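I opened my notebook to look at how two protein chains sit together. Here is what I looked up, step by step.

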Amino acid sequence: MTAKQPVFELENVSYSYPTGTKALESVNMKIYKGERVAILGPNGGGKTTLLEILDGLIPASHGSVKARGMILNDATINSNEMYGFRRKVGFVFQDPDIELFSPTVYDDVAFGPLHLGIPEEEVNIHVERALNLLGIEEIKNKHPYNLSGGEKRKAAIAAVLSIDPEIILLDEPTADLDPSSRAELIEIINRLNHNGKAIITATHDVNAVPELADRVYVLNKKIIAEGTSQKIFSDFELLKENNLEVPEVFKLFEVLQCFGYNCEDLPLSIDEAIEHLTRAVEVNGGHIHLHIHKHTHEEIGKLRSKYEHH
Amino acid sequence: MSKFVDKTLAEIVDYIKDAVFSEEYAKLNAFLQKISPKVKFISFMVLITATIFARNVYIILVFFSASLMLASLSRIPLRFYIPRVLIFIPIFTGIIALPYIFNVFQPYEGTPLVVLHDFQRVIDLPLLRPFSRIEITSEGVFWASTFLARVTTAVSFAILLMLTTRWSDLVNALNALRFPKMFVLILGMAYRYIFLLLDMVSKMLFSRKSRAAGKESSVSSWKLNAGIVGALFLKSYDMSEDIYLAMLSRGFNGEFMHVHADSQPRRSAKDFMFLSTIIIFCISALLAEVMV
């Protein structure tokens, strides 16, 4: 993230639905090349609208949206200049049934390259590469209706990856997935980031955020907060006000703290927890010490009441 | 009444699910399944056109038996196939054809078959022919049954084509035959989303069933059904907007492009044999009609 050009620059962006309801209010945001950013917010917080604005699908009502040096407004998003933009920015919709509208998975994955001016003879290479990246070659001739939830999600991502975008916008990618598909998907997304793609994830799945993002924007019509996952998740009141919570791993370590586990920054994901425990064990000469002291019950009680807010 | 609507809807959903979407029979390795989709499409169009031109009910029956024969050659159980052909067609076409068996709706005096009522005087109705008796005429019955047979046979061919061809192959075939791209796109999307919407309908019906106890009056059931239709309309409208955005996001600008998923199997001598047999069969059947 050092001295990189922002790929997205939003200044005072607002959006109102035709009915007059405000979806976004003066949003300021900067996203850099190759970054992993999460847009965390409650249901109805304007996450999808923000992604649609970032993808140049709808114009902002007020404010300026700059994407890869290009200003996105009512006029430009319908112009031919958008072709270049669309080849660099991919948007995976929340509902794979929206993303997969063709008779076969192959047709869907080929849709992007075909319509973005990639020569027909090269389309096949792009399609096969995207299918291969997600490991779904064997379902390419299937009708989307015959796919499982996990396969649908992967096919939807392949449909966007076939254009080889620099920036991928994901709307609730972990929703409706079983645990194993979810883990697989997180790994795939991180691999894409590893290959240099910026990943912008809109989600309310707090457990996925630490695994999918380095930086977090909390969005509830306005940008409520911005910072590292660590910073966002240590502000409990802010999360509570916005119908959000901390990851389960974080909660578990808070419980451990009540039993005398000593640490400052609590881990947010399993990976971080492993790192954390390893360090703690090493520092303490091969073991960690947990015990029940005189405040344990009191602290546990406090912890319970803290999370039983709904 | 509510039961009737429930049953009809559930039946339509089930029918479309297992008949069309399972592609169960399209995956078999039997006679029609092995014919190239393009050739198959043309052949069935020839068969359907010939059926429409046939006027003699016996010739139409010959066509119908041909469809049954093709179905059994393609290992489609007739027990599955015949009800599929006969469930909806007689209902809808029958409603259209039914009035024509009565003399009231015919332009000429016919040969009476059954006299239903004799008024003993001439009744002069506006827009209709004056008549003194209500009767079923033999010409009317013959005309209605020919009509019914013709529609049923044409539909049986269409269903057979659908059952023995994977939809994606059919769409590819239409593309290869240079059908307008927009037409192919709309057809493909209609197929894609009809099921989704039907699935939604059946879920809504289930959710209603799970909460409804006891008997429902017809009126309230109709009201609920109207609600379901309304919800479905809104949902599909919302979806269509989102789908458009998804297409836009991937570069769609009103011009649809398409490639073939797999290079189609090369047309073999067998395909040409099939097509020529179908053409010869149709011509001779129609000629036979003229001669008889």
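The entries below go from the interface to the cores, then to a helix, the salt bridges and two single residues.

**Entry 1: the interface**

I began by reminding myself that this is a predicted model. My opening question was how many residues of chain B are in contact with chain A. I found 33 residues of chain B in contact with 33 residues of chain A. Next I looked up the area buried between chain B and chain A, which is about 3,000 Å². Carbon and sulfur atoms give 61% of that area. On the chain B side, R192(B), R250(B) and V259(B) lose the most area to chain A, and together they make up 28% of what that side buries.

Then I turned to the charged and polar pairs. The rule finds three salt bridges across the interface of chain B and chain A. R250(B) forms a salt bridge with E99(A), where the closest N and O atoms are 2.9 Å apart. I also noted nine residue pairs in polar contact between the two chains.

Which elements give two or more residues to the side of chain B that touches chain A? I listed α1 (2–21), α6 (167–176), α7 (181–211) and α8 (218–249) of chain B. The largest share, eight residues, comes from α8(B). I sorted the residues of that side by type and got 19 nonpolar, seven polar and seven charged.

**Entry 2: the cores**

I wrote a general reminder here: in soluble globular proteins, nonpolar side chains tend to be buried together. The largest nonpolar core in this model has 56 residues, and F8(A), L10(A) and L169(A) touch the most other members. I was pleased to meet α8(B) again, since α8(B) gives the most to this core, with eight residues.

I picked L169(A) for a closer look. Leaving out residues up to four places away in sequence, L169(A) touches F8(A), L51(A), L54(A), D55(A), V89(A), G90(A), F91(A), V92(A) and I200(A). Apart from the largest core lies another one, of 40 residues, including F41(B), F80(B), W167(B) and I278(B).

**Entry 3: helix α6(B)**

How many of the ten residues of α6(B) are buried? I counted eight, so I noted α6(B) as mostly covered. The buried ones are W167(B), S168(B), L170(B), V171(B), N172(B), A173(B), L174(B) and N175(B). They pack against α2 (37–53), α5 (138–164) and α7 of chain B. Just after α6(B), I saw that R178(B) takes a positive phi of about 60°.

**Entry 4: salt bridges**

Over all chains, the count comes to 20 salt bridges. I looked up a few in chain A.

- R191(A) forms a salt bridge with E187(A), with the closest N and O atoms 3.4 Å apart. Both residues lie in helix α7 (residues 179–194) of chain A, four residues apart, about one turn of the helix. R191(A) counts as partly exposed at 37% relative accessibility, and E187(A) counts as partly exposed at 49%.
- R215(A) and E226(A) meet through their side chains in a salt bridge of 2.8 Å, N to O. R215(A) lies in strand β9 and E226(A) in strand β10 of chain A, so the pair ties together parts that are eleven residues apart in sequence. R215(A) is buried, with a relative accessible area of 12%, whereas E226(A) is partly exposed at 32%.
- K251(A) and E245(A) also meet in a salt bridge, at 2.9 Å from N to O. K251(A) counts as buried at 16% relative accessibility, and E245(A) counts as buried at 15%.

I added one more note: salt bridges that share partners join E35(A), R215(A) and E226(A) into one network.

**Entry 5: two single residues**

Where is H291(A) placed? I found H291(A) in the loop between α12 (270–283) and α13 (296–307) of chain A. H291(A) counts as partly exposed because its relative accessibility is 33%. H291(A) and F259(A) are 32 residues apart in sequence, and their C-alpha atoms are 5.3 Å apart in space. Not counting residues up to four places away in sequence, H291(A) touches F259(A), G260(A) and T296(A).

Is E275(A) buried or exposed? E275(A), in helix α12 of chain A, has a relative accessible area of 52%, so I wrote it down as exposed. E275(A) and F233(A) are 42 residues apart in sequence and 18 Å apart in space, C-alpha to C-alpha.

Technical notes: Residues numbered from 1 in each chain as written. Chains lettered and ligands numbered in written order. Predicted model: local features only at pLDDT ≥ 70, side-chain atom pairs only at ≥ 80, totals over all residues. Heavy atoms only, no water. Contact = heavy atoms within 4.5 Å. Buried area = accessible area lost by both parts, 1.4 Å probe. Salt bridge = Lys/Arg side-chain N within 4 Å of Asp/Glu carboxyl O. Polar contact = N/O pair within 3.5 Å; in protein donor to acceptor, adjacent residues only side chain to side chain. Nonpolar A, V, L, I, M, F, W, Y, C, P; charged D, E, K, R; others polar. Core = buried A, V, L, I, M, F, W, Y, C linked by side-chain atoms within 4.5 Å. Buried < 20%, exposed > 50% of the residue type's maximum accessible area, 1.4 Å probe, protein only.
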